[in-house]
Amino acid sequence: MEWDPIEFKPLSERDEILNEPLDCIRAICLPPLDPNSANRWTFFLSTSEVNMTAIRLNCGPSFSQDSTILDDGSKAIISFERRATLVPPERELILTLSVHPGYTVGDIYDMIVVNNRHKFEIDNFAEDSRIWVHDQLQLFDISGVFSDEDEIELAMESVNSRWPGDIPDPVEEGVYYG
């Protein structure tokens, strides 16, 4: 059986997670694990601003599936995790991106899978998560998910910096397999 890099937390709620509507998408910059390193990035897909619920869409190292291209890394796990908060407690920057009505978490999942964005290799410190977030921002924008070009432009600029401080740090090309 082929290894599946996508996981749902909790797995028993996979179908419910995929059917959740999107109110907005937040690209969130997390503190680096090391002060000399790049920030880690993640998404929170808001499913209800009123009830303050979201699905965290995260890219992190599997540690169990060896990288086939990167020297120091592994194949990434792409997780869709139900959260009872709109943002994580630890964060450096939050970018809220408006979405056109009618999109669901399942639509985001489909875009990722159809475009093989779930087949990503990542370094062991998850610094490459910002590359993955950058690439998905482009994918979601090209696919017509976002409704405000100024917000997406700011998000793309922000992913190309270290925070705090907005220190320029251009994103490199992502490493995808398969």
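**View 1. Strands S2 and S6 lie side by side in this predicted model, joined by 6 bridges**. Strand S2, which covers residues 24–30, and strand S6 run antiparallel to each other. One of the residues to look for is Ile25, whose bridge partner in S6 is Leu97. Strand S6 itself spans residues 93–98 and has two faces, of which the covered one is made of Leu93, Leu95 and Leu97. The uncovered face of S6 is made of Ile94, Thr96 and Ser98. Leu97 therefore appears twice in this view, as the bridge partner of Ile25 and as part of the covered face of S6.

**View 2. Glu20 and Arg82 meet through their side chains in a salt bridge, with a distance of 3.0 Å from N to O**. Glu20 lies in the loop between helix H1 (14–19) and S2, whereas Arg82 belongs to strand S5 (residues 73–83), so the pair ties together parts that are 62 residues apart in sequence. With a relative accessibility of 19%, Glu20 counts as buried, because the cut-off for that word is under 20%. Arg82 has a relative accessible area of 27% and is partly exposed. These two residues do not stand alone, for Glu13, Glu20 and Arg82 are linked in a network of salt bridges.

**View 3. Arg83 and Glu81 form a salt bridge between their side chains, at 3.9 Å from N to O**. Arg83 counts as partly exposed, at 21% relative accessibility, and Glu81 also counts as partly exposed, at 22%. As general background, side chains that carry opposite charge can pair when their charged atoms come close. In the whole model, the count of salt bridges comes to 8.

**View 4. Glu7 is joined to Lys9 by a salt bridge, in which the closest N and O atoms are 3.3 Å apart**. Glu7 has a relative accessibility of 29%, which places this residue among those counted as partly exposed. Its partner Lys9 is likewise partly exposed, with a relative accessible area of 35%.

**View 5. Five acidic residues, Glu149, Asp150, Glu153, Glu157 and Asp166, form a negative patch on the surface**. One of these residues, Glu153, is found in helix H4, which runs over residues 149–159. With a relative accessibility of 48%, Glu153 counts as partly exposed, because a residue has to be over 50% to be called exposed.

Conventions: Residues are numbered from 1 along each chain as its sequence is written. This is a predicted model: local features need pLDDT of at least 70, side-chain atom pairs count only at pLDDT 80 or more; totals for chains, interfaces and linings use all residues. Side-chain values use heavy atoms; hydrogens and water are left out. Buried means under 20% relative accessible area, exposed over 50%, partly exposed in between (1.4 Å probe, protein chains only). Helices (H or I, at least four residues) and strands (E, at least two) are DSSP runs, numbered from the N terminus. Two strands pair if DSSP finds at least two bridges between them. Patches are made of residues with over 30% relative accessible area and no salt bridge: like charges are joined within 9 Å, nonpolar side chains (Val, Leu, Ile, Met, Phe, Trp, Tyr) within 5 Å. Accessible areas come from the Shrake-Rupley method with a 1.4 Å probe; for residues, only the protein chains shown count as cover. A salt bridge is a side-chain nitrogen of Lys or Arg within 4 Å of a carboxyl oxygen of Asp or Glu. The place of a charge is taken as NZ of Lys, CZ of Arg, CG of Asp or CD of Glu.
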